[in-house]
Amino acid sequence: MLLAALVAALFLLPRAGILALMALVAGAGALEWARLCTINAPLYAGAVVLALFVAFSLDVSQAVFLLATAFWLFAAPAWLRLRVEPEHRPALAAAGFVVLVPAALAMVVLEPGEALLVLAVAWIADTGAYFAGTRWGRRKLAPAISPGKTWEGAAGGLIGAAAYAMILSFILAGAQATRMAAFVGAAALLVTVSIVGDLFESAAKRQAGVKDSGALLPGHGGVLDRIDSATAILPVAALVVPFLKSTP
């Protein structure tokens, strides 16, 4: 139901309508993030939505995506290794802007078809990780943060996303080795940051002592629980997609 609504919105709404929808999603996610940080939720959500509109109106999307990519590739992994404690609420609150604003902006900047193809990487990787982890999972990926995740599951997600990238490359460009290698490399990068994004939100929830980020979606937890991987994938993909389109 939610997926069908998203697809319809992306293809039927004008750009301004998509921006408004993403502002709504980012605002809902910000309310949950503020509760994880134990700060004023309405004020924080308003600041996140305002930041999204400012970034869009000033046309600084590339700078925003570069910042987010640097965060997911370097800052977030370092954060996980250092196990930042709950008293570091200002840092976690600042990170929330990098988690939510670039992802929402990417959904506005990317073409509808591109956005769905990118989100499919997260869905396929999650599915592959679940089945591989359930069947072969032995070695814990990050036991202190998310005990259910395994290295075998991560490998399954990577293999699934690589297969998807190869099929997509073949459909779009035929059997071109250079293009296929670029697609597979991009998929590997996106899967890597999706795992980091998932673990980062899990760490934030553990620091806050909660299982789910919220209860907005009955039976599914909160908004952040549904978009944790996507928040990392989308801004990185917004930088990668133009490169893939220009690859000969």
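These are my notebook entries on salt bridges and one nonpolar patch in a predicted model.

**Entry 1: the count**

I started with a search of the whole structure for salt bridges, and it came back with six. I followed up some of them below.

**Entry 2: R15 and E111**

I looked up R15 first. Its side chain pairs with that of E111, with 3.6 Å from N to O. Where do the two partners sit? R15 is in helix α2, which covers residues 15–37, while E111 is in the loop between α5 (89–109) and α6 (112–136). The two are 96 residues apart in sequence, so this salt bridge ties together parts of the chain that are distant by that count.

Then I checked exposure. R15 comes out at 35% relative accessibility, so I put it down as partly exposed. E111 has 40%, and that also makes it partly exposed.

**Entry 3: K245 and E114**

Next I went to K245. Its side chain meets that of E114 in a salt bridge, at 3.0 Å from N to O. K245 belongs to helix α9 (residues 223–246) and E114 to helix α6, so the contact links parts that lie 131 residues apart in sequence.

Are these two buried or exposed? K245 has 58% relative accessibility, so it goes down as exposed. E114 is at 19% and counts as buried, because the cut-off for buried is under 20%.

**Entry 4: E201, K205 and D225**

I then turned to helix α8, residues 177–208, which holds both E201 and K205. Their side chains form a salt bridge with an N to O distance of 3.7 Å. The spacing is four residues within the helix, so about one helical turn separates them. I checked exposure here too: E201 and K205 are both buried.

Which residues does the network take in? Salt bridges with shared partners connect E201, K205 and D225 into one network.

**Entry 5: a nonpolar patch**

Last, I left the charges and looked at the surface for nonpolar side chains. I found a patch of about 350 Å², made by L50, V54, L58 and V60. I picked L50 for a closer look. L50 sits in helix α3, residues 41–57, and its relative accessibility is 53%, so it counts as exposed.

**Recap**

For my own reference: R15–E111 ties helix α2 to the loop between α5 and α6, and K245–E114 ties α9 to α6. E201–K205 stays within α8, with D225 joined to that pair in a network.

Conventions:
Residues numbered from 1 in each chain as written. Predicted model: local features only at pLDDT ≥ 70, side-chain atom pairs only at ≥ 80, totals over all residues. Heavy atoms only, no water. Salt bridge = Lys/Arg side-chain N within 4 Å of Asp/Glu carboxyl O. Buried < 20%, exposed > 50% of the residue type's maximum accessible area, 1.4 Å probe, protein only. Patch = residues over 30% accessible without salt bridge, like charges linked within 9 Å, V, L, I, M, F, W, Y side chains within 5 Å. Areas by Shrake-Rupley, 256 points an atom, 1.4 Å probe, with all protein chains shown as cover.
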